[in-house]
Protein chains: 2
Amino acid sequence: MTKEIEYFFKPKSMAIVGASESLKSYGARYIQAQLDFGYKGRLYAVNHNGEEVLGFRIYRSVLDIPDDIELAFICVPARFTPGILRDCLNKNIKAAIVFTAGFSEAGEEGRNMEKELLSIAEQGVRIMGPNCFGPYCPKGGITFVSGGGFSKQSGETALIAQSGQLSEGIIGRSFGEGIRYSKVASYGNACNINEADLLEYLMQDEDTRVFTSYLEGVRDGRRFFEIARKNAGKKPIIIWKVGMTRTGAAAAASHTGSLAGGISAWDAFFRQTHAVKAGSLEEMVDANVGFACLPGGCGRRVTLVSGGGAGGVIGADACESVGMQMPPLSSETEKQLRELLPATGTSIKNPIDIGNPHPPLKLFQSILEAVAASDQTDIIVIRRIFFSLKLSAIFSGTTAPSPEEQQALLDIPVNIKNMFNKPVVIILPEEFTGVEDIELEAERRKIRDFFFANKIPVYPNEQRAFKALFNIAEFREAGGLETVSDKDKDIEAGRGRAILSEIIETTSNPVLDEIQCKEIMKEYGIDVTEPVLAKSGKEAIKAAASMGYPVVMKIVSPQVTHKSDIGGVKVGLKDKNNVTKAYKEILDAVKEKAADAIIEGVSIQRMAAPGLELVIGMTKDPQFGPMLMFGLGGTMIEVLKDVAFRIVPLTTMDAREMIRQVKAYPLLKGYRGQPQVDIEYLEDLLLKISKMIEENPEIKEMDINPVIAYEKGAVAVDARIILEEDVI
Amino acid sequence: MTKEIEYFFKPKSMAIVGASESLKSYGARYIQAQLDFGYKGRLYAVNHNGEEVLGFRIYRSVLDIPDDIELAFICVPARFTPGILRDCLNKNIKAAIVFTAGFSEAGEEGRNMEKELLSIAEQGVRIMGPNCFGPYCPKGGITFVSGGGFSKQSGETALIAQSGQLSEGIIGRSFGEGIRYSKVASYGNACNINEADLLEYLMQDEDTRVFTSYLEGVRDGRRFFEIARKNAGKKPIIIWKVGMTRTGAAAAASHTGSLAGGISAWDAFFRQTHAVKAGSLEEMVDANVGFACLPGGCGRRVTLVSGGGAGGVIGADACESVGMQMPPLSSETEKQLRELLPATGTSIKNPIDIGNPHPPLKLFQSILEAVAASDQTDIIVIRRIFFSLKLSAIFSGTTAPSPEEQQALLDIPVNIKNMFNKPVVIILPEEFTGVEDIELEAERRKIRDFFFANKIPVYPNEQRAFKALFNIAEFREAGGLETVSDKDKDIEAGRGRAILSEIIETTSNPVLDEIQCKEIMKEYGIDVTEPVLAKSGKEAIKAAASMGYPVVMKIVSPQVTHKSDIGGVKVGLKDKNNVTKAYKEILDAVKEKAADAIIEGVSIQRMAAPGLELVIGMTKDPQFGPMLMFGLGGTMIEVLKDVAFRIVPLTTMDAREMIRQVKAYPLLKGYRGQPQVDIEYLEDLLLKISKMIEENPEIKEMDINPVIAYEKGAVAVDARIILEEDVI
């Protein structure tokens, strides 16, 4: 697979299908762009008419080309593309970019043509598109139709985006900030090669160190998720996700399904993969700049050095609001700084105010040395130092430094970074933004480039700087992330799968009854209050005696889902007489209230001891598939939607974190003298349920409600499983 | 008061104290700045030595000046300032800027000097500062020491900021965006003139239409709050608040006090005043630009017109995530657009994709006309139209428009805005940010200025545009905000105040008992379960009979606060025998468990019927004073901190909104078949409690827990009041 995708980026030979004699045709423009960009391979023009374009003979068909072709670029009208693609297949071309639009994005007819393309693709030719700009790859010498002038320098960042226009826009913006690309793919409708394919390829690609993307959605969400998780902490994965679609609540039959409405599965995605979630173009570029300068990520403890007091609090606010830290100085560092700085007009705590935006060079160097030497400092952030000559001139007039002094000032952060091998970050605002101030901005960009070349990221304000640092700190912490559960091995599948298959074969009801649910659950090692089916009062007494009083009795009928509502449940039955009476009352009540219901009998189970009531459930997200839910029981939690979701399969870390994510977590720890419940057991329980869900894809929704948790262990008291309609 | 503050901005005569012969002295530099800026009044230099500076005779003292002086600028060392200020007082100078630093910000000695300044000020001279830059006011011809080159154009924006450096920084940044100022005050330590004074002055100031501020804290929070609330919807109040300090939880004796920890009183401030909360310099400037162009605010319903498809979803995301709306097009508008636009390559829904970043002029005009004519459109936001010639040239090469066509394109949004009198907003990104792209940015700024001059705000991206629009939409909606409760009149103070005064005179215990609390509450019309004190079993039976069974009995002892814990409470007592037995058991239990407690007796009250349990409480914020809290009862709410706070006094709207702010609000509306509780009654109840708190400032903290709410009415079942320690 990897090899086939490689053809898109580094083709030895290309056929441009739709290259007419007119230089305005997309085909001719595409050839021109490749020539301008310096493509080194062999190019062939193909069109239904014409003799020559840009010095290339125009062939009638790819089949006529007397050479092997690795990649085709197809820009003929949509209705001709299937024929062309079939030719490509026959010519043994491995990869085709379908530039043409008017497919699934354009209605029924287009959707059908796209299906046709796909069916040809599956016979042996990979498609990027349709409706895309295709690849840009400096090493391969290949570029967009509009990209003849793009940078020929190769870099370490990859970008994927459905939209060609946005790919262009992101690249354009990033170039200015110093970013260079290994590989870019505008992949359009993704009928064949999708986000997951590209992610997988780029994670293995030796040229790529940072993955960036603009995503409106993903086709193969589950695989995309799994690849992202597997690579957490290995290569930064930056995702600018727009249109955070919510899973539909309206159609949900289960409690879990309805709670999933209003919660985005992407939230679980980002938590589980530790991918960088960028909220805007700026945030994506900022993170990318950060990773370009600090490939290994960074820690969280910032020491802020400011050339002026006001605004330290701005930095501290911005730092803490994103989840970075600004710890106090060590007494050692504080002592050193006291020796360097005057007591008035400065502030010797973190944030440090050195009292002067153009400090004497030696002093500046010494301050930064003291800060960098501290093991309380993971990162040094510098603000309000006048690295700009023009700014110094505005603010200081005659006392402004000379150009030589200014360069020496610029060198200091670089020296410190190299000496101590600690990240240094600089905040360099656009101080003035008037038409007349444009030279200030020109100088600011030069200074930014100087620092970037020295692996020091520069940001225009505190908010953007700390957000970027947070994102790269998260990446470093994701380094040790486990991608599969180490407990998976211990969980035996048992006969659960077989039981469900058997049920599916015999039932016509998509809703499993409690007895069926618990039978399956038991096989996955889940502790349940085991129900026994009684078909007479005598059987009921016998069952109760064997499990010990008190017991609970419930009607078993495929037609009765809300059992309590019609008097079909009796709890706290303490002896034989109670059971006899309850059996009769349940049958009478159901016969009266649900006359048409088929009564299979009455289930009897031991009554669970009181404890903390929890809910564990499952629902399916349209993009990512099955997701587990965890929360506490009760109306309040439901109203407050205080639940956590994770995409299946869960890792031990997922189970651990989702329990702690709910705001009601302190209640599990034992609030106000209540005992702590068995959290470790609950983590295991979530993993067992995850396993069960994974092995039984026919399950559409599930509620285990309640699970009662104790100081030791927990037990599933009631459960409901709804199957996919197409399996029964 | 207003008149005195006016002296700071428009003084007819000024004395600069500390103006030595050296041109480097702050005094001389200050004179030079005023001269450069074109100050039209009379200037006098004062210093302890020297003859002349910049052509001005140097007087030894303000007392020697043979002329009336309205304003003094004092920049002598801190220790001399009290003497100088006394001279100013004697000279009948009305206002003094104390530029000098080294006061309360610098330790004990400075704090004492500042107190001395204040005591002089109170005799008849207002102080701005110390430790400040003072005023900048183009109409008054007065500027900062560093502001000789500031714009002489007067505008409609006022700014206040403690920090001089930040005042400079904000002004500098805003100038470039087209903002001009009426009045700016860097007010330093605010020993005399503080934020509330300046806000009050600027709200009345005819030159000022928009108030902006950078605040680290406020001195007279309660008054600042009241002035802000009174002016809601009249003039925009933009506050960039940093250091969102939280009220200390550690010291709180009440439940409410401990829940206030971790919640910022500023959150309540912004909710109650509808002031614009800016999170950064950019957000403040963006809102200011918005108000400059759209003085009346704007509605929420955006129609987005985009010259390209990708990115519409970016706009929709940004729009909805801040609370603006992008409603579907009306069928009428859709029909009109279908006639104008081709079916392919465009999208005729909101956001509208017109498919082309440089559309034909006539088409562009017609599209915008159709959109503007719709009553579904409050605001038109335009994105990805190439208003830049240079950008058109880059993207379109030979098809790029001529300069004349380009100007015609720029005129269209202006025409539409004027024709339809509807806000038009343009998103104009910095497409490329490289050193070599600087001319693009220069052109972008010119285009921005053109639109700004035509009252069309321009923003660099979707996120910033929609945040700014949200802020100005909020302002418009705050227009009808009530500033005092119209129900206030109905609430009679009654004897509540007298009762508390009496208690204070006789008690030495800052914690009032339940009987005392309820006595006061009753006087404010709050329904309570009224307790009667019984000093014997017989008295208890008599009391119970008079109120009707069942009853609750509780120990009354100043030493016993956690009554239940030691067996001091008995509930659900159904008859005479129960009461007799309970009386004895309570006394026995307390005597055993709290041998030293003084027992005043046992309280008896009717037992409230079951209902929905609520908590209403009060605590004091260091800046804003008393705040009311509302929430549901129970452990879960406590763990989840699902409570709402409001600064006292509450308006009807505050009461309404705080009840609806809690996430558990659906439970009040009657969840899952439960009856709805009497929400209107609860709103009244909050207003009554607000009144009680307002009238009794000695109350430090209060818990009314629980209040039990019913379908009709609600009753306070238990209450606890803690008094300020210095009043008993």
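In this predicted model, strand 14 (residues 302-306) of chain B runs parallel to strand 15 of chain B, and 2 bridges join them. One of the residues involved is B:Ser306, whose bridge partner in strand 15 is B:Asp353. This pairing belongs to an open sheet of 5 strands in chain B, which follow one another in the order 15-14-16-17-18 with parallel pairing. Strand 15 (352-353) and strand 18 (458-459) of chain B form the edges, each pairing on one side only.

We can turn next to the relation between the two chains. A turn of 180° with a shift of 0.0 Å along the axis lays chain B on chain A with an RMSD of 0.0 Å. That is the relation of a two-fold axis. The contact surface fits this picture nicely: 100% of the interface residues of chain B are also interface residues in chain A, so the copies meet through the same surface.

How many residues of each chain take part in the contact? The count is 58 residues of chain B against 58 residues of chain A. The size of an interface is often given as the accessible area lost when the parts come together. Here the two chains bury about 4700 Å² between them, and 59% of this area lies on carbon and sulfur atoms. B:Thr433, B:Arg445 and B:Met636 together supply 14% of the area that chain B buries against chain A, more than any other three residues.

Polar and charged pairs also cross the interface. Between chain B and chain A, 14 residue pairs are in polar contact, with both residues at pLDDT 80 or more. On the side of chain B that touches chain A, the elements giving two or more residues are helix 5 (164-177), strand 12 (237-241), helix 11 (312-322), helix 16 (438-453), helix 22 (635-640) and helix 24 (665-668) of chain B. The residues of that side comprise 22 nonpolar, 16 polar and 20 charged. Side chains of opposite charge can pair when their charged atoms come close. The count of salt bridges between chain B and chain A is 2. The side chains of B:Glu430 and A:Arg445 meet in a salt bridge, with an N to O distance of 3.3 Å.

Over all chains, a search of the whole structure finds 90 salt bridges. Among them is the pair of A:Asp207 and A:Lys183, whose side chains meet at 3.5 Å, N to O. A:Asp207 lies in the loop between helix 6 (195-204) and strand 11 (210-215) of chain A, while A:Lys183 is in strand 10 (residues 181-186) of chain A, so this salt bridge ties together parts that are 24 residues apart in sequence.

A few backbone details deserve a look as well. Most residues other than glycine have a negative phi, and most peptide bonds are trans. A cis peptide bond nevertheless joins A:Asn705 and A:Pro706, with omega about 5°, and A:Pro706 lies in strand 27 (residues 699-709) of chain A. In chain B, a cis peptide bond joins B:Tyr549 and B:Pro550, with omega about -5°. B:Pro550 sits in the loop between helix 20 (537-547) and strand 21 (551-556) of chain B.

Positive phi values appear in B:His274, with phi near 60°, and in B:Lys641, with phi about 50°. B:His274 is placed in the loop between helix 9 (265-273) and strand 13 (276-278) of chain B. B:Lys641 is found in the loop between helix 22 and strand 26 (643-647) of chain B.

Note on methods
Residues are numbered from 1 along each chain as its sequence is written. Chains are lettered from A and ligands numbered from 1 in the order in which they are written. This is a predicted model: local features need pLDDT of at least 70, side-chain atom pairs count only at pLDDT 80 or more; totals for chains, interfaces and linings use all residues. Side-chain values use heavy atoms; hydrogens and water are left out. Contact means heavy atoms within 4.5 Å. Buried area is the accessible area (1.4 Å probe) that two parts lose on being put together, summed over both. A salt bridge is a side-chain nitrogen of Lys or Arg within 4 Å of a carboxyl oxygen of Asp or Glu. A polar contact is a pair of N or O atoms within 3.5 Å; within protein, one must be able to donate a hydrogen and the other to accept it, and residues adjacent in sequence count only if both atoms are side-chain atoms. Helices (H or I, at least four residues) and strands (E, at least two) are DSSP runs, numbered from the N terminus. Ala, Val, Leu, Ile, Met, Phe, Trp, Tyr, Cys and Pro count as nonpolar, Asp, Glu, Lys and Arg as charged, and the others, Gly among them, as polar. Two strands pair if DSSP finds at least two bridges between them. Copies are superposed by least squares on the C-alpha atoms of residues with pLDDT of at least 70 in both.
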